[in-house]
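Welcome! Please take a look at the structure below and keep it in view while you work through a few short exercises.

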Amino acid sequence: MAATSLTNEEIGRYSRHLIMPEVGVEGQLKLKNAKVLLIGTGGLGAPVAMYLAAAGVGKLGLVDFDTVDVSNLQRQVIHGTKDVGKKKVDSAEESMKDINPLIEIVKYEVPLTSANALEILKEYDIVADGTDNFPTRFLVNDACVLLGIPNVYASIFRFEGQATVFCKDDGPCYRCLYPEPPPPGLVPSCAEGGVLGILPGVVGLIQATEVIKLILGAGQPLQGRLMLYDALSMKFRELKIRRNPECQGKCTVIKELIDYQQFCGVPHEEAPLPAPVSSTDITPKEVKQLIDANADFTLIDVREVHEYQICKIDKAQLIPLGELPRRLAELDKEADIVIHCKMGGRSAKACDLLRASGFSKVRNMTGGILAWSDTVDPSVPKY
Amino acid sequence: MPKILIPTPLRQFAEKKDSVEVDGSTVGEVLAALTAAYPDMKKNLFNDEGKLRSFVNVYVNDEDIRFLEKDKTAVAAADTISIVPSIAGGK
C-alpha cells in the first residue's frame, strides 16, 4: 500500500524539501506514507495541523468535538471569523485542504474516551497531543503506551509552554514525568488562566517539528527531555525526564485504559447535574433581586484586577482570591456575604475559605459574571 | 544563595516574582525557606502529609530530585532549583 513514488504535482509542491539531502525524495515519501493523529484542533492543534498538512504528511486524523467560538480566534489560526459556530474538525479540514489538497484528512468528531481511544489511535504511527485537560492527557498517554505509539506532547499556560516526546521506544511516558494529576481546581486551565495568543504557535510548532523528525528519523528527538519555553523572558530550558525505574523494559503502571475522569477527580460530564441547588448557592437573578430590594448584603468579586477592568457588577467589592486570606479583617463575620467570580469556581473556593475562617452567612453566586451577563444584564461583556 | 525559579501558575503566591533566592543546603531546606517566606505557596507544593505533590516536580539544575536524593538532595549557592507543575492547556 505504501507509496513508492511522488507524482509530478507532488514534486513541484515539495521541491524545497526535495532539494535538501536530509529530506529528499526518500524523506518526502516517508512523510507521504505517514499517519499522524492530532488530538485537539485548538491552540496547539491549529499550527500543527496546518504545517503538517503543508509538509505533505499523507494521512492526518483530527479528534475534536468542539465548535468554533469567537474567543478561539485570538490564537486558533486554522479557524476564521466565517467559521464561528462550525464544527472545529470541519473548519480545520477546510483550511488544511486549501493548504494541501493532496493529503487525506480523517475526522473524528467525538470526545476521546477509554471506549474509543485504542480503536482510533491504532490506525496511526504518531500522536500529537494538544488537548486541554488532564483526563484526556492521561488517556492519550496510556493508549500510546499500550499501543507503542510515540506521543508528541505539548502544553501551554499563559506565557509558558512545555514540550517533549513520550513513549518512543524505551523512553519515558507522561506518567514517568507526572505520576498523578493535580486535584481539580488547583491548576487553572487556559479558559480560567488565559493564554497569550501567539504562545501555542511557538509551542505547537515545536510539536510539529518533533513529529516531522520522528517521521524522517532525522536529528535527536526531544525524548527524555522536557523543553520549557517562557515567552516573557524568551528562554528555552531543558530538564531531564527519566523513565520510572520500576518500568525498565516494560511499563509496570499502565495495564489497561481506566476511568480517567475518576482518576483526575472530575465529576462525570454525563452524570446529571445535582438538581437541588445547595442552600449556600445563589443565582445571579436572586442577587439582582437583593440589589433591587436594597437588601443589606456584601457582594465580593474575587477575580483579578485586570478582569474587573473588563467588566464588573456595580455593587461588587473587588478582593482577588489570592489576597482574600490577608484581607479577611475588612469583612464583617456576621454580614450576609455573596461572592462571585467569572464562572463560579474561584468564588466557591473563596466561600470555603470564609466559612473555614468563621464566616457564617456566605453564598456563592452560581455561574459567575458570565451567568450574570446571560440572565441579568446582557450589557455586561463576556470574556 | 540558590535560586528557585517559580513557574507561572505559582507566581501569584510569590508576589508575582519569577525567581526567588533563599538560604538552604538541601532541597528540603530551600523549599521550607520558600514556603516560610510565601505561606500561600505551601498547599500548592505539599499535600496534607507534608509530601511534595505528585504533579509538582522539582529539579536541581536539569536533574529531577526523585532521581537524586529527593528532599535531601544537596544544593550549592550556584544551583538553580526549578519547580515544574504539570499544566494541561492546549486550546
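The exercises below go from model confidence to domains, helix packing and the contact between chains.

**Exercise 1. Find out what confidence scores this predicted model carries, and where in chain A the pLDDT is below 50.**

Solution.
- Start with the whole model, which is predicted: its scores are ipTM 0.91 and pTM 0.84.
- Next, take the chains one by one. The average pLDDT of chain A is 92, and 95% of its residues score at least 70.
- Now look for the weak stretch: in chain A, residues 269–277 have a pLDDT below 50. Beyond near neighbours in sequence, that stretch has one contact in the model.
- For chain B the average pLDDT is 93, with 100% of the residues at 70 or above.

**Exercise 2. Work out which domains chain A is divided into.**

Solution.
- Mark residues 34–263 of chain A as domain 1 and residues 281–375 as domain 2.
- Then compare their centres, taken over C-alpha atoms: domain 1 of chain A and domain 2 of chain A are 36 Å apart by this reckoning.

**Exercise 3. Decide whether helix 4 of chain A is roughly parallel or oblique to helix 5 of chain A.**

Solution.
- Locate helix 4 at residues 45–55 of chain A and helix 5 at residues 88–99 of chain A.
- Their axes come within 9 Å and cross at roughly 30°.
- Angles under 35 degrees count as roughly parallel, so helix 4 of chain A is roughly parallel to helix 5 of chain A.
- Check the hand as well: the two helices, 4 and 5 of chain A, make a right-handed crossing.
- Finally, list who touches whom. Helix 4 of chain A brings A:Ala49, A:Met50, A:Ala53 and A:Ala54, while helix 5 of chain A brings A:Ala92, A:Ser95, A:Met96 and A:Ile99. Sorted by class, this contact has seven nonpolar residues, one polar and no charged ones.

**Exercise 4. Repeat the analysis for helix 4 and helix 10 of chain A: what is the angle between them?**

Solution.
- Helix 10 covers residues 199–216 of chain A, and it packs against helix 4 of chain A at about 40°, with the axes 8 Å apart.
- The two helices, 4 and 10 of chain A, are therefore oblique to each other.
- Their crossing is right-handed.
- Among the contact residues are A:Tyr51 and A:Leu52 of helix 4 of chain A, and A:Gly204 and A:Leu205 of helix 10 of chain A.
- The classes here come to 11 nonpolar, three polar and no charged residues.

**Exercise 5. Describe the side of chain B that touches chain A: which element gives the most?**

Solution.
- Begin with the counts: 23 residues of chain B contact 34 residues of chain A.
- Then see which elements of chain B give two or more residues: helix 1 (8–11), strand 4 (63–64) and strand 5 (80–85).
- Strand 5 of chain B gives the most, with three residues.
- To finish, sort this side of chain B by class: 10 nonpolar, eight polar and five charged residues.

Definitions and conventions
Residues numbered from 1 in each chain as written. Chains lettered and ligands numbered in written order. Predicted model: local features only at pLDDT ≥ 70, side-chain atom pairs only at ≥ 80, totals over all residues. pLDDT = per-residue confidence, 0-100. Contact = placed C-beta atoms within 7 Å. Domains from an automatic or database assignment. Axes fitted to C-alpha atoms, helices over the stretch in contact; angles between N-to-C directions. Parallel < 35°, antiparallel > 145°, perpendicular 65-115°, else oblique. Left-handed = near helix turned anticlockwise from the far one by under 90°. Nonpolar A, V, L, I, M, F, W, Y, C, P; charged D, E, K, R; others polar.
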